[in-house]
Every structure is written in structure tokens, then in C-alpha cells.
Amino acid sequence: MKDLIIEMEQYASLHNVPIIEKESITFIMKYIKANKIKNILEIGSAIGYSAILMASTAQDVTVTTIERDDTRYMECLKNVKKCGFEQKINVVFQDALDVNLTDVSYDLIFIDAAKSQSIKFFEKFKYFLKDNGTIITDNLKFHGNVGKSSEIESKNLRSLVGKIENYIEFLKNNPEFETKFYNVGDGLSVSVKKDEKK
Ligand code: SAH
Ligand code: MG
């Protein structure tokens, strides 16, 4: 397991796969343990690095993870097999915005896919969250660019960073969720669904 994790980190750095930072996955693994989270939905598997680490937190933790890129999907399947997690991790090869989920609900949804689409993912998948469930989002700092979109010269980057800034505002003003922001790794948000009765 430890060797596989190191192997995946090396693969990611060699092939420019943007896997989660160590500090951030450590934070999420602690959150999973502390809140006794059992079933997780991940948007953006890449090669399975974060899915495998989340699934490793306890025997009864399961992860459904969605990836639209075929090379990464294949690599993810390979890694899930290598660590014997075929029963714990379900890898779905599809665009998350096209996925049809039925009759399932998750304790935790981890949004870590296209950064321009975070609001869409949030709005689509919040219906598949249990009461008091959590949505965690990665890369809210986007390597130090967030908060400075007006100073960015590249139009594409400025637009992307602007969308992350909008997402942060969306979370802050969302009446259904209580969101905390954490300055760990590339920036994380933890949004807990409020009790409807309150
Ligand atoms: N969670 C992974 C890293 C994911 S990188 C880890 O930390 O180990 C983001 C991934 O999301 C990329 O592989 C990209 O192909 C995928 N992605 C982006 N938009 C997507 C979408 N709409 N549906 C499915 N996958 C998507
Ligand atoms: Mg990320």
C-alpha cells in the first residue's frame, strides 16, 4: 500500500496529474475518521490517489469516484486493483454532469474536478447527500491566484480564477450549508448541510 502510494505520487509528477496535496488529504482522512464517514462520492478520480487514501481510513468506508478522462480512468482502475480495493471503490467512467445516480446518498461528497464547474457539481450532487452530510472542495486557492483575478493577464486563467471566486461567494451565501474555509494545501472548503428543521 505504502509503495503503491509512492508509485502514484511519482506517476502524477511525471505525467502532470494534479493529485491532492499531502496536507489536504491528511486533513480529509482525519475528517472521515472523526465523523465516522462511511460512504463517499468523489468527483474527479484522476489516477485514484485520493480515492484510495480515503478508502483506506477504515474497513467499512466505500468510495464511488467519477472520471471522464480514459487514460486516467484506466490508470485508476489499475491502482484500485493493485491495492485490492475492488470491493471498496467503484470507479465510474463518465462526465460527472451526465452521471445518473439513483437511490443513493452519501455522507461525504468530495469535489475535485474541473474548477470552473464547481457550482454545477455542488447543485447537482447536493441532492445525494445525507442529512448533516458534508461537501468538501479542493483547490480554492488555485496556487495563490484566487482573490487576485483582476490582476491576472491571461484571459483563460483570469476567467477560471473568477469562477473559483464566484464559487467561494456562492458557498458563503448558501443558506442550506454552513461552510468553513481551511488554509491547508491548495485551500479546502468544508460545507455541512444544515438541519432542515432548524
Ligand atoms: N482527486 C484526485 C485528483 C483529481 S484531478 C486526487 O487528488 O488524487 C481532476 C480530475 O477531474 C481530472 O482527472 C479530470 O479529468 C477530472 N474531471 C474534470 N472535470 C470532470 C467532469 N466533469 N467529470 C468527470 N471528471 C472530470
Ligand atoms: Mg485537487
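# Reading local features in a predicted model

User: N16 lies in the loop between α1 (2–14) and α2. What is the value of phi of N16, and how should its sign be read?

Analyst: The model is a predicted one. As a general idea, most residues other than glycine have a negative phi. In this structure, phi of N16 is near 55 degrees, a positive value in a residue other than glycine. N16 counts as exposed, at 64% relative accessibility.

User: Where does N132, with phi near 60 degrees, lie?

Analyst: The general expectation for residues other than glycine is again a negative phi. N132 has a positive phi, near 60 degrees, and is not a glycine. Its place is in strand β5, whereas N16 belongs to a loop. N132 is partly exposed, with a relative accessible area of 48%.

User: How many salt bridges does a search of the whole structure find, and how should one be read?

Analyst: Side chains of opposite charge can pair when their charged atoms come close. The search finds 10 salt bridges in the whole structure. One of them joins D60 to K38, with the closest N and O atoms 3.3 Å apart. D60 lies in the loop between α3 (49–55) and β2 (62–67), and K38 in the loop between α2 (22–34) and β1 (39–43), so this pair ties together parts 22 residues apart in sequence. Both ends count as partly exposed, D60 at 44% relative accessibility and K38 at 33%.

User: Which residue forms a salt bridge with D107, and are the two partners buried or partly exposed?

Analyst: The partner of D107 is K130, and the closest N and O atoms are 3.3 Å apart. D107 lies in strand β4 and K130 in strand β5, so the pair ties together parts that are 23 residues apart in sequence. D107 is buried, with a relative accessible area of 16%, while K130 counts as partly exposed at 32%.

User: Which residues are linked with E176 in a network of salt bridges?

Analyst: The network links E123, K126 and E176. Within the network, E176 and K126 form a salt bridge whose closest N and O atoms are 3.0 Å apart. E176 lies in the loop between α6 (155–172) and β6 (177–182) and K126 in the loop between α5 and β5, so the pair ties together parts that are 50 residues apart in sequence. E176 is partly exposed, with a relative accessible area of 39%, but K126 counts as buried, at 10% relative accessibility.

User: K193 is buried. Which side chain of opposite charge is nearest to K193, and how far away is it?

Analyst: The general idea is that opposite charges can pair when the charged atoms come close. A salt bridge needs a nitrogen–oxygen distance within 4 Å. For K193 the nearest side chain of opposite charge is D131, 4.3 Å away, and K193 has no salt bridge.

User: What lies around K193 in the fold?

Analyst: K193 is placed in strand β7 (residues 188–193). A polar atom of its side chain lies 3.2 Å from the backbone oxygen of L129. Leaving aside neighbours within four places in sequence, the contacts of K193 include K126, K130, N132 and E176. K193 thus touches several residues discussed above, including K126 and E176, which also form a salt bridge with one another.

User: Which residues are the protein donors of the magnesium ion (ligand 2)?

Analyst: In general, ideal angles at a metal are 109.5 degrees for four tetrahedral donors, and 90 or 180 degrees for six octahedral ones. Here the protein donors of the magnesium ion (ligand 2) are D112 (OD), D138 (OD) and N139 (OD1), lying 2.1 to 2.2 Å from the ion. Along the chain these donors follow the spacing D-x25-D-N. D112 lies in the loop between β4 (106–111) and α5 (118–125) and D138 in strand β5 (residues 129–138), so the pair ties together parts that are 26 residues apart in sequence. D112 is buried, with a relative accessible area of 12%, and D138 is buried too, at 3%.

User: How many disulfides does the structure hold, and how far is C76 from the nearest cysteine sulfur?

Analyst: A disulfide is a covalent bond between the sulfur atoms of two cysteines. The structure holds zero disulfides. From C76, the nearest cysteine sulfur is that of C83, 9.3 Å away. C83 is likewise in no disulfide. Both cysteines count as buried, C76 at 0% relative accessibility and C83 at 17%.

Conventions: Residues are numbered from 1 along each chain as its sequence is written. Chains are lettered from A and ligands numbered from 1 in the order in which they are written. This is a predicted model: local features need pLDDT of at least 70, side-chain atom pairs count only at pLDDT 80 or more; totals for chains, interfaces and linings use all residues. Side-chain values use heavy atoms; hydrogens and water are left out. Helices (H or I, at least four residues) and strands (E, at least two) are DSSP runs, numbered from the N terminus. Buried means under 20% relative accessible area, exposed over 50%, partly exposed in between (1.4 Å probe, protein chains only). Lys and Arg count as positive and Asp and Glu as negative; His and the chain ends are not counted. A polar contact is a pair of N or O atoms within 3.5 Å; within protein, one must be able to donate a hydrogen and the other to accept it, and residues adjacent in sequence count only if both atoms are side-chain atoms. Contact means heavy atoms within 4.5 Å. Donors are N, O and S atoms within 2.8 Å of the metal (3.2 Å for Na, K and Ca); water is not among the atoms, so sites may look incomplete. A disulfide is a pair of cysteine sulfur atoms within 2.5 Å.
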